[in-house]
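Morning, everyone. Let me put today's protein up on the screen, and then I'll walk you through a few spots in it.

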Amino acid sequence: MEAGGERFPKQRQVLILFILLGVAFAGWESRRYSVMEETMSGTLVANLAKDLGLGVGELAAREARVVSEDNEPRVQLDLQTGELILNEKLDREEMCGPTDPCVMRFQVLLKKPLGVFRAELVVRDINDHSPEFPEREMTLKILETSPPGTVFPLKTAQDLDVGNNNIQNYNISPNSHFHVSTRSWGDGRKYPELVLYKELDREEQAELRLTLTALDGGSPPRSGTTQVRILVLDVNDNAPEFAQTHYQVQVPENSPVGALIVKVSARDLDTGTSGEISYSFFYSSQEISTTFELSSISGEVRLIKKLDFETISSYELYIDASDGGGLSGKCSVSIEVLDVNDNSPELIISSLTSPIPENSPETEVALFRIRDRDSGDNGRMTCSIQDELPFLLKPSAENFYTLVTNGELDREIKAEYNITITVTDLGTPRLKTEHNITVLVSDVNDNAPAFTQASYTLRVRENNSPALHIGTVSATDTDAGANAQVTYSLLPPADPHVPLASLVSINADNGHLFALRSLDYEALRAFEFRVGAADRGSPPLSSQALVRVLVEDDNDNAPFVLYPLQNTSAPCTELLPRAAEPGYLVTKVVAVDGDAGQNAWLSYQLLKATEPGLFGVWAHNGEVRTARPLSERDAARHRLLVLVKDNGEPPLSASVTLHVLLVDGFSQPHLPPPEAEAEAEAAAAAPADPLTVYLVVALASVSSLFLFSVLVFVAVRLCGRGGAARAGRCSVPEGPFPGHLVDVSGTGTLSHSYQYEVCLTGDSGSNEFKFLKPVLPNILGQDVGRKLDVKPTFQSSLGI
């Protein structure tokens, strides 16, 4: 009894609602307005305020709005004046195609109280399209024995306009054999037939060319033309005949592309080419030619495009069968497209109110409309929501529904409701559409924002670009609306010496943190600060979080070579005795890097050497060592290019040039520096003029003569001194070390010129030095010994 008692009041409420709606709609009859196509946007259609009997202010107060069936905003309502105006230029052919009249249905929706005004807008056609034939030329084959009065079908033209603006008449250029008769199909469309009124004679004229013109009924009329080529043939006394003059076919709209629609069949009693039949469309609109395909041999009509019942529900095809002798027959095919339940219901929200204040009485949450583009049961629908929710659906006219609260809401129990509106049609199979609505319940500001983390650690690489996004802090507020809108800010730093205002900034809306300037790891490795988050409630609530920024090192410092120095005017030359064993330490390249970590890990590499394979550089410590024993064939002067590279990404590097001089012991003078020789070689490589060549030859001749004289003089003197030496202090045996003088000039590592006499013991099997003393006793030999660090004994491998 209680359940029945609850049901009857609800039924009474629905009945009362429909009675009230009927009273509200009783004074509003459906109205029809009209407008010419191509009318400019902004044109006045009607004054709805007068037609509805409402004041202009009442339209705005009741939130009047225009809702169209296809959701296209082609018209709009000016709430200030109550006028219905065009929102865009209308094209009747685009909106309705061949359908006449072209009607656009719409409703005017009013609220407080709810009311719906139904109206129609008829778009009238203007003559803005000319007739067009499908082909620029058509060919007819006609027997010369055809009697006068024989009718030959011609392909029709197409005009996108309708009514009187469509094709009304056909005519043909003047000739002595044919005229055109204009006929009408059952739907009122006109088609031409070529009528023979004078016999043909193939021997007299085997071919005729005529111009067929299609005229519409517009003002002024438009026209289109095509050429008709007539070939006069010999006798063919049987025309093709179709098994049926009219075919009727029903096709489901979900038929696949390529499906066989119908097969027409005609036969011809003639034989040979006169009995060969070819099928074709003799009236084919653009829609038909893009939807169906006719096999000229088999007569099969197949689908080449998906059908849509909601767009076009029927088609009329006209097929011509022609034999090889020029005779033809025709038939028509009516195709009815069957509706299938292929369109799901649609739900269009007109208004939605959220959030809903808690403790409010029955409140309207949403107003929406449902529709289904299918027909019959496929287009009938039911609408529902979940049972456990405190909301009700109230139906109204024109498939409109109102979603209202069923009692007061309490946010402390539930702050958010997810409502699923389900619309189901009655087709087979049933299709449904679900639409989710989220309704929030507003509250008071009783929760402070809470950061996702108590502290944040951000890492940023040095040398960053200014205004770089380095991280984000995030806080959430469980309140709703303005009470949950969080604003972020930087709090004053605890350390007043930290220039926080010049280091970072924060986006007040989303908590993005930005570095205001480029950071330098070598100057500032880390800093920290606090950020605050406050909501916009009254009064506002806030919280804090700690942010620590760690600056990461970037490989922005190239290695710097400490030794050997590269910025001095004179290059540093390293001395290497020719007796050095493999692995002998020649020198060591010393470099540093201002970066940290792997960016400061240095490696050394020998890039270029005067003689590859003689020297090697240790990759980790920069030591330059010999890689093999030295020989007499090795050049006395070497230049090494050493690359110092760090381990950063990308790696940075520096290079250093080393000059190494091979000496036969440390008393051998230095050779000229590489730069001087390079200049000399460059000068020698320059092309010389003839006069210079002559001067060089002459100078060489004189110098050769002088050198020969000097050598003779020196030989005589040495022979005399050799006898005195043998008689006195030492003897000079024959062997790899003949007695001679070593001259050390001041251009080497010594500051003065020295001359030494070298003597060897005659009976020494090891060929050791007996002594080494200067020939000129007044020179400071002690200084020489200190600079060269000469040892008592030198092996003969020094080659001095």
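Let's start at glutamate 38, which sits in the loop between β1 (31-36) and β2 (44-47). The strand names here follow DSSP runs numbered from the N terminus: a strand is E over at least two residues, and a helix is H or I over at least four. Before I go on, the housekeeping: this is a predicted model, local features need pLDDT of at least 70, side-chain atom pairs count only at pLDDT 80 or more, and totals for chains, interfaces and linings use all residues. Residues are numbered from 1 along each chain as its sequence is written, and side-chain values use heavy atoms, with hydrogens and water left out.

Back to glutamate 38: its phi is positive, about 65°, although it is not a glycine. Is glutamate 38 buried or exposed? Neither label fits, because its relative accessible area is 30%, and that makes it partly exposed. The cut-offs are under 20% for buried and over 50% for exposed, with partly exposed in between, using a 1.4 Å probe and protein chains only.

Asparagine 463 also has a positive phi, about 65°, and isn't a glycine. You'll find asparagine 463 in the loop between β33 (455-461) and β34 (468-472). It counts as partly exposed because its relative accessibility is 37%.

While we're in loops, here are two cis peptide bonds. One runs from threonine 428 to proline 429, with omega near -5°, and proline 429 is in the loop between β30 (416-425) and β31 (432-442). The other goes from tyrosine 563 to proline 564, again with omega near -5°. Proline 564 is in the loop between β41 (560-563) and β42 (573-577).

Now, cysteines. How many disulfides does the structure hold? One, and the criterion is a pair of cysteine sulfur atoms within 2.5 Å. It joins cysteine 96 to cysteine 102, at 1.9 Å from S to S. The link of cysteine 96 and cysteine 102 is right-handed, with 65° about the S-S bond, and both partners are buried. Two other cysteines to point out: cysteine 331 is buried, with a relative accessible area of 4%, and cysteine 383 is buried too, at 17%.

Cysteine 96 takes us to the largest pocket, with a volume of about 1,900 Å³. Of the 50 residues that line this pocket, Cys96, Gly97, Pro98, Thr99 and Thr311 are the closest to its centre. For the record, a pocket is an open set of points on a 1 Å grid over the protein atoms alone, where a 1.4 Å probe fits, with protein on both sides within 12 Å along at least five of seven lines; lining residues have an atom within 4 Å of a point. The volume is the space filled by probe spheres set on those points.

Among the elements giving two or more residues to that lining are α4 (92-96), β6 (102-110) and β22 (314-323). By class, the lining has 18 nonpolar, 13 polar and 19 charged residues. Nonpolar there covers Ala, Val, Leu, Ile, Met, Phe, Trp, Tyr, Cys and Pro, charged is Asp, Glu, Lys and Arg, and the others, Gly among them, are polar.

Zooming out to finish: the protein has nine helices and 52 strands. Of its 800 residues, 38% are buried. Taking contacts (heavy atoms within 4.5 Å), residues 24 or more positions apart account for 67% of those with a separation of 6 or more.
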